[in-house]
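This briefing is intended for a reader meeting the structure for the first time. Please keep the sequence and the model at hand while reading the points below.

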Amino acid sequence: MLSRLTRPQALAVCAAPVAALLATAVFAPLPFSVAQPGATADVLGEYRGTQVITVSGAPVRETSGELRMTTIEATSPDTRVGLPDVIDSWFDTDRAVMPRDSVYPSGDDLEEIEQYNRKQMEESQDEATEAALGHLGLEDEDIEVDLKLADVGGPSAGLLFSLGIVDKLDGDGSGGDLTGGRVVAGTGTIDADGTVGAVGGVPLKTQAARRDGATVFLVPEAECAEAQAELPEGLRLIPVTTLGGAIDALVALEKGTGKVPSC
């Protein structure tokens, strides 16, 4: 025996599964992490009481200014990020929603993630040292470089490590500092041959840099557009593709000669 539903009853029946789906969407965890500007560290100085760059086997210069590597802080991989979090972050310039796999490419296990990040940092430090010494023609010299940056993982400090080593050993090549006394920040991976690579999270890193006093930001050229989208006032972008190009740009900026690249 069949009975016919009235129009209000039919609407109520149809609305029920829709409401259930919406409720599920609101409260279900999503494969995202919420990130915000993190700490910065002057690689020419100390971080948490420990010298970041220590060089032995060669004279080291006294430097002025700062070279600040930048980071982002993201929710842990086991944090439940729901639709309300995504919506809130969408309208907040101090936070960003990023695919969890781009923040934690090694999975969800915290111990594995920490090991992965430590390994990436160690490889980045080795390549940064090789790139810097190679740029200065010192790769065959008996020079040891020790890099320490507590509680920071991943490869994105590579460029700044290399610049710090160069500044401590050679400066601008004629007695001056690469920074020109400024607070220079930046981000970018680096290969042993000096090639600079993209890193992600650039808009948040520019905010961290400006917050900590930077007026210049070195950005991988491929991420210029992303960096410009939410660029803090008073921060100048300099795109780079190689360690040599970054050094040339900083020297040109310091001396006021030559063209300084811009995004």
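In this predicted model, helix H6 spans residues 202–211, and 8 of its 10 residues are buried, so the rest of the structure largely encloses the helix. A search of the whole structure finds 1 disulfide, and the structure also holds 7 salt bridges. A negative surface patch, whose members include Glu122 and Asp191, is described further on.

**Helix H6 and the residues after it**

- The buried residues of H6 are Val202, Pro203, Leu204, Lys205, Thr206, Gln207, Ala208 and Ala209.
- Arg211, by contrast, is partly exposed, because its relative accessible area is 48% and the buried class requires a value under 20%.
- The side chain of Arg211 meets that of Asp212 in a salt bridge, with an N to O distance of 2.9 Å.
- Asp212 also counts as partly exposed, at 28% relative accessibility.
- H6 is followed by Gly213, which has a positive phi near 95°.

**The disulfide**

- Cys224 and Cys263 form a disulfide in which the sulfur atoms are 2.0 Å apart.
- The disulfide is left-handed, because the torsion about the S-S bond of Cys224 and Cys263 is about -65°.
- Cys224 lies in helix H7 (residues 224–229) and Cys263 in the segment after helix H8 (243–255), so the pair ties together parts that are 39 residues apart in sequence.
- Are the two cysteines buried or exposed? Cys224 is buried, with a relative accessible area of 9%, whereas Cys263 counts as partly exposed at 32% relative accessibility.

**Salt bridges**

- Lys255 and Asp172 form a salt bridge whose closest N and O atoms are 3.4 Å apart.
- Lys255 belongs to helix H8, while Asp172 is in the loop between helix H5 (158–169) and strand S8 (183–186); the pair therefore ties together parts that are 83 residues apart in sequence.
- Of these partners, Lys255 is partly exposed, with a relative accessible area of 41%, and Asp172 counts as buried at 12% relative accessibility.
- Another salt bridge joins Glu66 to Arg68, with the closest N and O atoms 2.7 Å apart.
- Glu66 is partly exposed, at a relative accessible area of 24%, whereas Arg68 counts as buried at 17% relative accessibility.
- The salt bridge between Arg211 and Asp212 has been noted above; in addition, salt bridges that share partners join Arg61, Asp167 and Asp177 into one network.

**The negative surface patch**

- Which residues form the negative surface patch? The patch consists of Glu122, Glu123, Asp126, Glu130, Glu139, Asp140, Glu141, Asp142, Glu144, Asp191 and Asp193.
- Helix H4 (residues 110–135) supplies the largest share of this patch, with 4 residues.
- Asp191, one of the patch members, lies in the loop between strand S9 (189–190) and strand S10 (196–197).
- The relative accessible area of Asp191 is 36%, so Asp191 is classed as partly exposed.

**Another residue of helix H4**

- Gln120 is found in helix H4 and counts as partly exposed, at 23% relative accessibility.
- Although Gln120 and Gly153 are 33 residues apart along the chain, their C-alpha atoms are separated by 6.9 Å.

**Positive phi values outside glycine**

- Most residues other than glycine have a negative phi.
- Arg48 has a positive phi, near 55°, and lies in the loop between strand S2 (46–47) and strand S3 (50–51).
- With a relative accessible area of 56%, Arg48 is exposed.
- Asp151 likewise has a positive phi, near 60°, and is found in the loop between strand S7 (144–147) and H5.
- At 71% relative accessibility, Asp151 counts as exposed.

Terms used
Residues numbered from 1 in each chain as written. Predicted model: local features only at pLDDT ≥ 70, side-chain atom pairs only at ≥ 80, totals over all residues. Heavy atoms only, no water. Patch = residues over 30% accessible without salt bridge, like charges linked within 9 Å, V, L, I, M, F, W, Y side chains within 5 Å. Areas by Shrake-Rupley, 256 points an atom, 1.4 Å probe, with all protein chains shown as cover. Salt bridge = Lys/Arg side-chain N within 4 Å of Asp/Glu carboxyl O. Lys, Arg positive; Asp, Glu negative; His and termini not counted. Charge placed at Lys NZ, Arg CZ, Asp CG, Glu CD. Helix = DSSP H or I, 4+ residues; strand = E, 2+ residues; numbered from the N terminus. Buried < 20%, exposed > 50% of the residue type's maximum accessible area, 1.4 Å probe, protein only. Disulfide = S-S within 2.5 Å.
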